[in-house]
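User: Could you take a close look at one helix in this structure and walk me through it? I am in my first year, so please go step by step.

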Amino acid sequence: DAPVLRKPAWIRARAPLGPEVRRIKALMREHKLATVCEEAMCPNLGECFNHGTATFMILGDVCTRRCPFCDVAHGRPEPPDPAEPEHLASSIAAMGLRYVVITSVDRDDLRDGGAAHFAACVRAVRAQEAGIRVEVLVPDFRGRESVALECFVDDAVPDVFNHNLETVPRLYREARPGADYVGSLRLLEAFKARHPDVLTKSGLMLGLGETRDEVLEVMRALRDHGCDMLTLGQYLQPSREHLPVRRYWTPEEFDSLREAGEAMGFCNVASGAMVRSSYHADLQAPL
Ligand code: SF4
Ligand code: SF4
């Protein structure tokens with residue numbers, strides 16, 4: 001077993017809360033919405049809510065996979081709620097958000113992996129709130145990629161298509177059982193081929209035992225598959241039952257990876273210990 005490492009000083013514990021954050025939180029409670037921001041106790045919550053950004057979980061909170069770094073419950077999920085797109089859209093409008101990220105658990109139980117439901121949510125949010133920007137952070141739709149991509153058409157084409165690789169291929173077996181590195185790269189590439197004008201984005205968590213060379217190799221592979229934007233953050237262990245943190249990458253190392261990413265041609269790289277997939281998403285995506 002790996003020893004439990006001490007958290008270095010640059011890992012911030014919690015975000016400061018202000019009136020705007022409290023207002024949005026209360027509305028989320030009232031509308032019974034699940035956000036990754038709250039469920040994952042994201043340290044950036046104060047900052048993001050103040051910017052009018054939040055990440056919503058659709059398709060329930062039970063995942064068909066079991067990744068040992070992830071705190072989401074696993075099991076047999078409920079069928080999609082047909083009222084969810086409208087409900088999500090009206091709640092987002094009530095909150096006055098300007099940039100939303102829509103994400104979901106893996107739904108290997110659904111024929112399209114949940115893509116049609118994703119698309120319905122994007123459409124509904126756009127219909128309610130003109131000018132809002134919508135990013136989708138999608139699962140890998142493994143084995144259903146082409147059916148899934150058919151769903152993102154017309155009003156359902158997101159402003160940003162995000163799919164995280166999460167880690168380097170050597171660690172997939174341990175960290176992402178059931179996922180396929182090459183398949184994930186191909187999903188990003190296939191979306192880009194259909195929608196060359198829409199930004200694609202991916203991200204990794206560092207600290208699971210990967211080397212800098214391995215990270216650089218993944219970054220190059222992302223560029224080779226047309227990926228435009230990148231997020232790199234520190235993995236934090238949700239509990240003692242989850243994969244241990246093998247190493248805390250330093251702020252200097254995150255900076256140096258950002259520079260390497262910019263040199264490779266990513267149009268935006270967010271790299272830092274507290275960066276999450278949706279961190280500063282509104283600022284990352286150019287208008
Ligand atoms: Fe929510 Fe993402 Fe911001 Fe965290 S970084 S508060 S998950 S939008
Ligand atoms: Fe968590 Fe996603 Fe893995 Fe499901 S597929 S366990 S939601 S990381």
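Analyst: Happy to! One definition helps at the start: the expected span of a helix is 1.5 Å times one less than its number of residues. Please keep in mind that this is a predicted model.

Let's look at helix H4, which runs over residues 84-95 and has 12 residues. From its first C-alpha to its last, H4 reaches 16 Å, close to the 16 Å expected at 1.5 Å a residue.

Next, which residues of H4 are buried? They are Glu84, Pro85, Leu88, Ala89, Ser91, Ile92 and Met95. These buried residues cover an arc of only 170° around the axis, so they lie on the same side of H4. To follow the word "buried" here, you need one cut-off: a residue counts as buried when its relative accessible area is under 20%.

What do the buried residues of H4 pack against? Their partners are two helices and two strands: helix H1 (19-30) and helix H5 (115-128), together with strand S1 (53-58) and strand S4 (99-104). If you turn the model to view the side of H4 that carries Leu88 and Ile92, two of its buried residues, you can look for these partners there.

Finally, follow the chain past the end of the helix. H4 is followed by glycine 96, and the phi of glycine 96 is positive, near 75°.

To put the picture together: H4 has its buried residues on the same side, those residues pack against H1, S1, S4 and H5, and glycine 96 follows the helix.

Notes:
Residues numbered from 1 in each chain as written. Chains lettered and ligands numbered in written order. Predicted model: local features only at pLDDT ≥ 70, side-chain atom pairs only at ≥ 80, totals over all residues. Heavy atoms only, no water. Helix = DSSP H or I, 4+ residues; strand = E, 2+ residues; numbered from the N terminus. Buried < 20%, exposed > 50% of the residue type's maximum accessible area, 1.4 Å probe, protein only. Arc of directions from axis to C-beta. Contact = heavy atoms within 4.5 Å.
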